[in-house]
Amino acid sequence: MAFFRPRVSREAEVRFHADLEISKSIPELLDKARQAERTLRDLRAADADEVELLAAGQAFDRALTEALRAAEAGQRATFGVKAYDDRIARRKAKATPKGAMWTAEVDRLRTLREDNRLWGIPRVPRPLPAAR
């Protein structure tokens, strides 16, 4: 008597190939995030006004978010097609050296983004509406 395991779903295969394509852009997205961070640090060193710091902090946040999404796609693609449908396969893949590397990279990018959101973007008061 033979037991046949079900194949992975078609949706999982499509998502896997989409994640592979997205993960190819990680180096350029990380460079973009580094450039945005460098700009933010230069503005802080030059003692720029808060409006410029707000714009630079938001640009850094957008760049980090794009890099984080690509890293998460790379992490999912590294885990393999079965990991899209099976949480046990996902946990096993996370324990491999490549899976651990991607998990650490995603955690690092999340920490950077949260740190920027908490401390890197200055709070600028909203303008008051004009009184009539």
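In this predicted model, helices H2 and H5 cross with a left-handed sense. H2 covers residues 26–45 and H5 covers residues 97–120; they pack at an angle of about 30 degrees, and their axes are 14 Å apart. Angles under 35 degrees count as roughly parallel, and H2 and H5 are therefore roughly parallel to each other.

Let's look at who does the touching. On the H2 side, the contact is made by Ile26, Leu30, Leu40 and Arg44, while H5 contributes Trp102, Glu105, Arg108, Leu109, Asn116, Trp119 and Gly120. By character, the residues of this contact between H2 and H5 comprise six nonpolar, three charged and two polar ones.

Leu109 of H5 is a good place to pause. Its relative accessible area is 3%, and under 20% counts as buried, so Leu109 is buried. Setting aside neighbours within four places in sequence, Leu109 is in contact with Leu30, Leu64, Ala67, Leu68 and Ala71. You can also check its spacing to Glu72: the two residues are 37 apart along the chain, and their C-alpha atoms are separated by 9.8 Å.

Now turn to the aromatic rings, where the structure holds one aromatic pair. Phe16 and Tyr84 meet edge-to-face, at 6.4 Å centre to centre and with 85 degrees between the planes. The pair links distant parts of the chain, 68 residues apart: Phe16 sits in helix H1 (residues 10–23), and Tyr84 lies in the loop between helix H3 (50–79) and helix H4 (87–94). Both Phe16 and Tyr84 are buried.

Notes. Residues numbered from 1 in each chain as written. Predicted model: local features only at pLDDT ≥ 70, side-chain atom pairs only at ≥ 80, totals over all residues. Heavy atoms only, no water. Axes fitted to C-alpha atoms, helices over the stretch in contact; angles between N-to-C directions. Helix = DSSP H or I, 4+ residues; strand = E, 2+ residues; numbered from the N terminus. Parallel < 35°, antiparallel > 145°, perpendicular 65-115°, else oblique. Left-handed = near helix turned anticlockwise from the far one by under 90°. Contact = heavy atoms within 4.5 Å. Nonpolar A, V, L, I, M, F, W, Y, C, P; charged D, E, K, R; others polar. Phe/Tyr/Trp six-rings, centres within 6.5 Å; stacked < 30°, edge-to-face > 60°. Buried < 20%, exposed > 50% of the residue type's maximum accessible area, 1.4 Å probe, protein only.
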